[in-house]
Amino acid sequence: MTLLAYEDLSVSLPAMARPILDGVTLRVSAGEVVALVGESGSGKSVTARAALGLFPAGAEVGGRVRVDGTDLVGADAASLRHVRTDRAAMIYQDPRAAVNPVRRVGDFLTEPLRLVHGWSRAQADARAAELLGAVGLPDPARHLNQYPHELSGGMLQRVVIAAALTAEPRLLLCDEPTTALDVSTQAEILAVLGRLQRERGLGLLLITHDIELAAAVSDRIYVMYAGRIVETAPVGELFTSPRHPYTAGLLGSAPPLDGPPVRLTPIPGAPMGLLESAPGCAFAPRCRFAEPGRCDQSPPLLQRHGPAEVACHRTAELAAAPAPSLASRTEDR
Ligand SMILES: Nc1ncnc2c1ncn2[C@@H]1O[C@H](COP(=O)(O)OP(=O)(O)O)[C@@H](O)[C@H]1O
Ligand SMILES: [Mg+2]
C-alpha cells in the first residue's frame, strides 16, 4: 500500500531562474525503505518537508503530495494536523536542534502525548519509558530525568527517534539522520532505525548525500539532481548497473562503507544553483557523455529502462556501447 506519493511536484520561488523542485514523482509503500540521494542543494530537504505540508515561504507549488491518501498541497489546517500528528514524523540531522536544551528528556517525550493526544501523565511516562527501551537506551528511568547536554549526540538522536514514534506514525522521514554523528554511532542509529522500521512495518524515506549509506539500508533509491529525479531503481540494480552518468559519478566518488580502499573520482564542476537554468539536461555541463546539440537542447524525461527509470537522452546508447560505457563501479575504478 502506498503511504507517501509525490506526483509531479514542483516548487518554485519567483526570483529564481529554475524551480527548486521540478516534476518530482516518488513513492514509498508501507514496510519499504526508500532513499533519496543527491548532492547538497539538490532539493532533498525541500522534498522531505513537503511530506509534512511545509513549503518555502512564497513558493509556488504544483502537483500532489499524498500521505496515506491525504493531499498536502493546498491542504486545510485539519488535514495538515492529521498528517503531522498521526501519520508522519520527521527526524533531522542535528538532534540538539530538535530538543529544548533546558527541558528534561522526559518532558520532550511526554508533552506531545499529554498536550496533543490528551494522555494522563502516568500513561505518557510509561509510554516514554517504553519508547526509550525500544530505541536501545537501556536505563529509561534515568534518561527521562536527564537534560540534553548530559547525553551524547548518538543517545540524543535515539531520544529524537523515540519522540518521532510517540504518536505511532506510519511514515518516518529521516533527513540526513546520521550526518552529524561519528561513523560508529552512525551505524548504531541506522541499525535502530532499520529494526524499528521492520518491527513496525513503517514506510521510511531516508534522505542522504551518501549513496553508499543509502545502498546499505534501502530497498529502492531515487537520485536527485538540481530538483529533478534523474534515476530510480531497486538498490542492487542501481548499485551494480547505474544508468544515469550522475549516478555512476556519485558511486565513483563515494568511499565504500567497508572493504579495501579504492581510487575515487570526483564529479568535475559544481551543481547548478537556483540562479542558473539550462534548456537541456541540468547535468550536461558536468557529464563526460554529454552530446552537444542534443543534451543541452531539451530536458530528458524520466523513462523506463529495464528495472530502472532514467532521465538521460543517451541511456539506450550508453547501455549498448562497449566502451567507454558507464560500466559497473568496480570496472569504473
Ligand atoms: N525556504 C527557502 N527559501 C529559499 N530557498 C530555499 C528554501 N529552502 C531551500 N531553498 C533552496 O532550495 C535548494 C534546495 O535546498 P535543499 O532541499 O535544502 O537541498 P538539500 O537538502 O538537497 O541540500 C537550495 O538551493 C536552497 O538554497
Ligand atoms: Mg538537506
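**Notes on the helices and a few loop residues**

1. Helix H7 passes helix H8 in a right-handed crossing. Please keep in mind, as you look around, that this is a predicted model. Two packed helices are described by the angle between their axes and the distance between the axes. For H7 and H8, the axes come within 10 Å of one another and cross at roughly 20 degrees. The two helices are therefore roughly parallel. On the H7 side, the contact is made by Gly153, Gly154, Gln157, Arg158, Ile161 and Leu165, and on the H8 side by Thr185, Glu188, Ile189, Val192, Leu193 and Leu196.

2. Let us stay with H7 for a moment. This helix covers residues 153-165, and its 13 residues reach 19 Å from the first C-alpha to the last, close to the 18 Å expected at 1.5 Å a residue. How many of the residues of H7 are buried? The count is 12 of the 13, so H7 is largely enclosed by the rest of the structure. Those buried residues are Gly154, Met155, Leu156, Gln157, Arg158, Val159, Val160, Ile161, Ala162, Ala163, Ala164 and Leu165. Their cover includes strands E6 and E7, along with helices H3 (95-98), H4 (105-116), H5 (121-134) and H8 (183-200).

3. Next comes H8 itself. Its 18 residues should span 26 Å at 1.5 Å a residue, and the C-alpha atoms at its ends are indeed 26 Å apart, which agrees. The buried residues here are Ile189, Val192, Leu193 and Leu196. They cover an arc of only 95 degrees around the axis, which places them on the same side of H8. The general background is helpful: an α-helix has 3.6 residues a turn, so residues three or four places apart point the same way.

4. H8 also has another face to look at. Turned away from its buried side are the exposed residues Val183, Ser184, Ala191 and Arg198. The buried residues, by contrast, have a cover that includes H5, H7, E7 and strand E8 (203-208). Just after H8, glycine 201 takes a positive phi of about 60 degrees.

5. H4 and H5 form another helix pair worth a look. Their axes come within 9 Å and cross at roughly 130 degrees. That makes H4 oblique to H5. H4 passes H5 in a right-handed crossing. Where the two meet, H4 brings Gly106, Leu109, Thr110, Leu113 and Arg114, while H5 brings Arg121, Ala124, Asp125, Arg127, Ala128 and Leu131.

6. Which residues of helix H2 (residues 77-87) are buried? They are Val83, Arg84 and Arg87. The arc they cover around the axis is only 125 degrees, which puts them on the same side of H2. The face turned away from that buried side carries the exposed residues Ala77 and Ala78. Packing against the buried residues of H2 are strands E4 (60-67), E5 (70-71), E6 (88-91) and E7 (171-175).

7. Two loop residues have a positive phi without being glycine. One is glutamate 176, with phi near 50 degrees; glutamate 176 lies in the loop between E7 and H8. It has 20 C-beta neighbours inside 10 Å and so counts as buried. The other is alanine 226, whose positive phi is about 45 degrees. You will find alanine 226 in the loop between strand E9 (220-225) and strand E10 (228-234). Alanine 226 is buried too, with 26 other C-beta atoms within 10 Å.

8. Further along the chain, proline 245 lies in helix H11 (residues 245-253). Is proline 245 buried or exposed? It is buried, having 26 other C-beta atoms within 10 Å. Leaving aside residues up to four places away in sequence, proline 245 touches Phe283, Cys287, Arg288, Phe289, Cys312 and Leu326. To place proline 245 relative to H8, try glutamate 188: the two are 57 residues apart along the chain, and their C-alpha atoms are separated by 32 Å.

9. Finally, serine 241 sits in the loop between helix H10 (235-240) and H11. Serine 241 counts as partly exposed, with 19 C-beta neighbours inside 10 Å; a residue needs 20 or more to be buried. The C-alpha atoms of serine 241 and leucine 326 are separated by 8.2 Å, although these residues are 85 places apart along the chain. Leucine 326 is also among the residues that proline 245 touches.

Key: Residues numbered from 1 in each chain as written. Chains lettered and ligands numbered in written order. Predicted model: local features only at pLDDT ≥ 70, side-chain atom pairs only at ≥ 80, totals over all residues. Helix = DSSP H or I, 4+ residues; strand = E, 2+ residues; numbered from the N terminus. Arc of directions from axis to C-beta. Contact = placed C-beta atoms within 7 Å. Expected span 1.5 Å × (residues − 1). Axes fitted to C-alpha atoms, helices over the stretch in contact; angles between N-to-C directions. Parallel < 35°, antiparallel > 145°, perpendicular 65-115°, else oblique. Left-handed = near helix turned anticlockwise from the far one by under 90°.
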